[in-house]
Every structure is written in C-alpha cells, then in structure tokens.
Amino acid sequence: DIAYNAHDIDDGLRHGLFDLDALREVGFLAALLDDIEARHPGLEPSRVVAELGRRVITRFVEDAIGESLYRLEKLGPRNVADIRAAGGAVVAFSDAMAEADRAIKAFLFPHMYRHSSVMKMRARATQVVSDLFPKFMADPALMPVEWTRAAEAKGADAAGRARVVCDYIAGMTDRYAFAQHGLIFDGSGDLG
C-alpha cells in the first residue's frame, strides 16, 4: 500500500492526470504539502513532487513500525503461535494512518485509476489480450520457442495449453504486448 500510494501519486502528477492543488482534497496530503511549502517556499514543482513522495513513504513507514511495535508489546507473543492466535493484524497502520490510506485511495480511484485516458488505454490493453490469447492457442509457434514447447507438451489438453498461453501473456510488459499484437495482426510492431 505504501509503495502503490506514493508511486501512483507520483505517476498521476507526472502524467498530468491531476495536479498538486487537487491533492489538497486529501487532508493528509494537504498537511504534507503545507509543510513542504512552509519549509521550502518557491520550490520548483518537480522537487515538490519528489519531496511529497519521500514524505508519504516516510510517514507511512514510521507509522507502520510504531503501530506494529505497540501491537507487539500489547500482545506480548512468546512464539509464532501467539502471533497466529492474535485475532487480528499485528503489523498494521494506526487508525489515523489507515484513514489517510483510505482517503488517498478514494482520491486516486476517480482521478487516476478511472481517469478517461487510463480507461482508454485499459480498453486497448483488454483488446490486445483478447486478440492475442486465441491466436496463441491456435498457433503456439507464434510464442518464443520455450513457450511453444511448453504449450505443445500439453498436447490435446486445452486447459494445459491455455495455462501456458495465459502465463506467457501475463508475463508480457504492456510495451511488449502491444508490439507483439502489431507484429501478429498488421506486421507493424507498432506499440499503440
């Protein structure tokens, strides 16, 4: 959660899906931005973004460590069985930081994950995967040799072949999947 929040905020800012002012909707982030502004007036925006990411990670990590130490002290485990029997998470955020995490996610959902440009790319990616899967099922030789061999080793077992094809597609980067789609379907190798 810590890494996703920090990096998704950074990615959203760098790709122009939202700006620093929009992040002020989240009280936790507004407080961090206020502190950065107070300590470093006139700091260039790219440095504010970097400092914000550093502070988000630091605050969440420090909170998780502090809350987890508190929970461990309160629980007083003698062995791993005591941890398993704790009845809840032993390593976790404090209530206040869990609320900050929820608020960040609530902001990112509409502003990033469901942003129109992201949804357009998601639809394109869905189409690419939907096109590649049946093509690789019908002709495993379109995959690299080791994957072709694995798919053919499954023989007539459609489920086994499907698993190999799924694993191959799942291991593709977006860029590679788009390039393979372009090569297979129009011979271009075009990434978009």
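**Figure 1. Lining of the largest pocket in the predicted model.** Helix α7 provides the largest share of the lining of the largest pocket, namely three residues, in what is a predicted model. The volume of this pocket comes to about 190 Å³. Its lining is made up of D8, D11, H15, L17, M112, Y113, S117, V118 and R122, and at least two of the lining residues are supplied by each of α1, α6 and α7 (116-138). Sorted by chemical class, the residues of this lining comprise four nonpolar, two polar and three charged ones.

**Figure 2. The salt bridge between D1 and K105.** The side chains of D1 and K105 form a salt bridge in which the closest N and O atoms are 3.5 Å apart. Because D1 lies in the segment before α1 (2-14) whereas K105 belongs to helix α6 (residues 95-113), the pair ties together parts that are 104 residues apart in sequence. K105 itself is partly exposed, its relative accessible area being 29%. Over the whole structure, a search finds 13 salt bridges.

**Figure 3. The salt bridge between E51 and R55 and the network that contains both residues.** R55 and E51 meet through their side chains in a salt bridge with an N to O distance of 2.6 Å. The two residues are four positions apart in helix α4 (residues 45-75), and R55 and E51 are therefore separated by about one helical turn. R55 counts as buried at a relative accessibility of 8%, and E51 likewise counts as buried, at 14%, since the cut-off for a buried residue is under 20% relative accessible area. Both residues belong to a network of salt bridges that links D35, R39, E51, R54 and R55.

**Figure 4. The salt bridge between E99 and R102 in helix α6.** E99 forms a salt bridge with R102, and the closest N and O atoms of this pair are 3.1 Å apart. The partners are three residues apart in helix α6, so about one helical turn separates E99 from R102. E99 counts as partly exposed at 42% relative accessibility, and R102 is also partly exposed, with a relative accessible area of 48%.

**Figure 5. The aromatic pair of F18 and F107.** The count of aromatic pairs in the structure comes to five. In the pair shown here, the ring centres of F18 and F107 are 5.1 Å apart and their planes stand at 80°, so the arrangement is edge-to-face. The pair links distant parts of the chain, with F18 placed in the loop between α1 and α2 (20-23) and F107 in helix α6, 89 residues apart. F18 is buried with a relative accessible area of 7%, and F107 is buried with one of 4%.

**Figure 6. The aromatic pair of F60 and F93 and the cluster that includes F28.** F60 and F93 form an edge-to-face aromatic pair, with 5.1 Å from centre to centre and 70° between the planes. This pair, too, links distant parts of the chain, as F60 lies in helix α4 and F93 in the loop between α5 (80-84) and α6, 33 residues apart. F60 counts as buried at 0% relative accessibility, and F93 counts as buried at 16%. Together with F28, the residues F60 and F93 form one aromatic cluster.

**Figure 7. Confidence of the prediction.** The mean pLDDT of the protein is 93, and 96% of its residues reach 70 or more. Among the elements of the protein, the lowest mean pLDDT (91) belongs to helix α8 (residues 145-153) and the highest (98) to helix α3 (residues 27-39).

Note on methods. Residues are numbered from 1 along each chain as its sequence is written. Side-chain values use heavy atoms; hydrogens and water are left out. A salt bridge is a side-chain nitrogen of Lys or Arg within 4 Å of a carboxyl oxygen of Asp or Glu. Buried means under 20% relative accessible area, exposed over 50%, partly exposed in between (1.4 Å probe, protein chains only). On a 1 Å grid over the protein atoms alone, a cavity is a set of points where a 1.4 Å probe fits but cannot get out, and a pocket is an open set with protein on both sides within 12 Å along at least five of seven lines; lining residues have an atom within 4 Å of a point. Grid points are joined across faces, edges and corners, and a volume is the space filled by probe spheres set on the points. Ala, Val, Leu, Ile, Met, Phe, Trp, Tyr, Cys and Pro count as nonpolar, Asp, Glu, Lys and Arg as charged, and the others, Gly among them, as polar. pLDDT is the predictor's confidence in each residue, from 0 to 100. Rings of Phe, Tyr and Trp (its six-membered ring) pair if their centres lie within 6.5 Å; planes under 30 degrees apart count as stacked, over 60 as edge-to-face and the rest as tilted.
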